[in-house]
Amino acid sequence: MNNWLPVVIILCAYLLGNISPAILISKMMGTEIRKQGSGNAGTTNVLRVLGRKAAIATLAIDVLKGVAAVLLGRYVGGQDLAMICGLAAFVGHIWPILFGFRGGKGIATAFGVMVTILPMIGILEAVVFVGMILITKRVSAGSVAAAVTFPFVTYYFIHDYVLITVVMAAIALYKHRLNIVRLVKGQEPKVGLKK
């Protein structure tokens with residue numbers, strides 16, 4: 001049974017990632033976030049469609065999913081399993097089996113993973129993310145910049161997890177592919193900094 005325990009824990013981390021506050025909160029408010037705004041089940045779309053309180057709740061829960069997955073993996077099998085569980089939660093957020101494999105884009109959950117693996121990585125990624133938003137006034141620009149720099153920041157601190165962060169960054173960039181096209185064309189909508 002012990003040989004199967006890491007597999008079970010990774011599966012639990014994936015299912016933890018399936019918890020989608022954007023979808024659940026929107027349904028509680030009588031709508032379906034994936035049919036509103038950009039169609040993405042993430043904080044930015046929730047902010048635009050449902051307002052600040054719903055967006056704050058969405059962001060907090062999505063981050064905490066990554067934190068919880070890493071802590072679960074670390075408790076059972078140490079830092080290596082923790083990182084794998086973080087990846088599983090990230091994938092579960094993006095492709096949740098409980099919601100027809102249509103989830104968010106994973107940035108908040110990835111932040112939760114990395115700030116728990118090593119706080120300095122999370123802090124530096126947050127600086128990149130927020131800095132790019134302040135410069136461009138576009139959340140997607142911050143997300144793309146954070147994804148691109150993610151493996152490099154990780155390599156500086158923890159060589160062993162670079163491959164996993166490359167995979168996470170590639171997935172995040174793939175999920176933002178339409179945003180990237182709109183950014184290049186200057187068509188990506190801005191988010192008010194007061195919001």
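## Helix H3 and a nonpolar surface patch

In helix H3, the residues Asn45, Val46, Leu47 and Leu50 are buried. The model described here is predicted. The cover over these buried residues of H3 includes helix H2 (21-28) and H4. After H3 comes Gly51, which has a positive phi, near 105°.

Asn45 deserves a closer description. This residue is placed in helix H3, which spans residues 43-50. Asn45 counts as buried because its relative accessibility is 1%, and buried means under 20%. Leaving aside residues up to four places away in sequence, Asn45 touches Ile33, Gln36, Gly37, Ser38, Gly39, Asn40 and Leu50. With Ser38 there is also a polar pairing: a polar atom of the Asn45 side chain lies 3.0 Å from the backbone nitrogen of Ser38.

The surface offers a second topic. Trp4, Leu5, Val7, Val8, Tyr75 and Val76 form a nonpolar patch there, and their accessible area together is about 620 Å². Helix H1 (5-18) and helix H4 (52-77) are the elements that give two or more residues to this patch. H1 gives the most, with three residues.

Val7, one of the patch residues, is found in helix H1. Its relative accessibility is 45%, so Val7 counts as partly exposed; that class lies between the 20% and 50% limits.

The two residues with stated accessibility are set out below.

| Residue | Helix | Relative accessibility | Class |
|---|---|---|---|
| Asn45 | H3 | 1% | buried |
| Val7 | H1 | 45% | partly exposed |

Key:
Residues are numbered from 1 along each chain as its sequence is written. This is a predicted model: local features need pLDDT of at least 70, side-chain atom pairs count only at pLDDT 80 or more; totals for chains, interfaces and linings use all residues. Side-chain values use heavy atoms; hydrogens and water are left out. Helices (H or I, at least four residues) and strands (E, at least two) are DSSP runs, numbered from the N terminus. Buried means under 20% relative accessible area, exposed over 50%, partly exposed in between (1.4 Å probe, protein chains only). A polar contact is a pair of N or O atoms within 3.5 Å; within protein, one must be able to donate a hydrogen and the other to accept it, and residues adjacent in sequence count only if both atoms are side-chain atoms. Contact means heavy atoms within 4.5 Å. Patches are made of residues with over 30% relative accessible area and no salt bridge: like charges are joined within 9 Å, nonpolar side chains (Val, Leu, Ile, Met, Phe, Trp, Tyr) within 5 Å. Accessible areas come from the Shrake-Rupley method with a 1.4 Å probe; for residues, only the protein chains shown count as cover. A salt bridge is a side-chain nitrogen of Lys or Arg within 4 Å of a carboxyl oxygen of Asp or Glu.
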